[in-house]
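Reader: Hello! I'd like a close look at one single part of this model, with the whole chain as background.

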Amino acid sequence: MLFKMVVFQVNSNWLNGSIPSSLKGCSSLQFLHLYENNITGTIPPEIGTLEHLTEFTFGNNQINGSLPSSISDSPVLRFISGHHNNLTGTLPNELVDDKTTLSLELHYNQLTGTIPSNFGNLSLISNHLFLNNNSFNGSVPIFFKGVDPQNINLNCNDFTLPLPDWCVNDFCSPCSQTEKADDIGNRESERWST
């Protein structure tokens, strides 16, 4: 009967273990909420087979590895929240593709690389993009100019200096080395307070 399940929500239950690849059998699943547990391991690429998945939240866990590019295969996915984990690697270009209504919360991870140019397709009017406290590098993409600072946060990354004036006081300020060190030291405590 799992193929009929629409919502799977186990937030704040201190669950251990990893996300099972057998979730691909939940073909009707629309909402997958795994927030605030002790989940480890990686995100299985089978997540992309859930063609009705709209929301995937897994923040405040200990998930590592990269965000699989297959996650973009879920055609109606509109909200990914995986902040306060140990995600590494780069953002897959496929994550956005032709989507314009995607909100991403991937702050407080260890993501690297540049922000893909097709992220400029995102409508950041009713959606948001929180990528702060990672290790993104390169230039701050010009397509973020004019975006409401309430809908975007790129602070505390490793973007090329000097940063453009239009974003420094709003959403792309660098962290000092002290703040970076404090950030690393406080990740565990902040994991449970966000």
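Reader: How many Å² does the protein chain expose, and what share of it do carbon and sulfur atoms supply? After that, please walk me through the largest pocket: which residues line it?

Author: Happy to! This is a predicted model, in which local features need pLDDT of at least 70 and side-chain atom pairs count only at pLDDT 80 or more, while totals for chains, interfaces and linings use all residues. Residues are numbered from 1 along each chain as its sequence is written, and side-chain values use heavy atoms, leaving out hydrogens and water.

The protein chain exposes about 9,000 Å², and carbon and sulfur atoms supply 51% of that area (Shrake-Rupley method, 1.4 Å probe; for residues, only the protein chains shown count as cover). Of its 194 residues, 47% count as buried, meaning under 20% relative accessible area, with exposed over 50% and partly exposed in between (1.4 Å probe, protein chains only).

Now to your pocket. Its volume is about 150 Å³. A pocket here is an open set of points on a 1 Å grid over the protein atoms alone, where a 1.4 Å probe fits, with protein on both sides within 12 Å along at least five of seven lines; lining residues have an atom within 4 Å of a point. Points are joined across faces, edges and corners, and the volume is the space filled by probe spheres set on them.

The lining consists of F8, V10, L15, N16, G17, S18, I19, P20, L23, L32, L34 and I39. Strand β2 (residues 16-18) gives the largest share, three residues. By character, the lining holds nine nonpolar residues, three polar and no charged. Here Ala, Val, Leu, Ile, Met, Phe, Trp, Tyr, Cys and Pro are nonpolar, Asp, Glu, Lys and Arg charged, and the others, Gly among them, polar.

The loop between β1 (7-9) and β2 holds S12, which has a positive phi of about 55° although it is not a glycine. At 37% relative accessibility, S12 is partly exposed.

As for the background, the chain has two helices and 13 strands (DSSP runs numbered from the N terminus: H or I of at least four residues, E of at least two). Its radius of gyration over C-alpha atoms is 17 Å, close to the 16 Å of the globule rule for 194 residues, so the chain is as compact as a globular protein of that length. That rule is 2.2 Å times the number of residues to the power 0.38.
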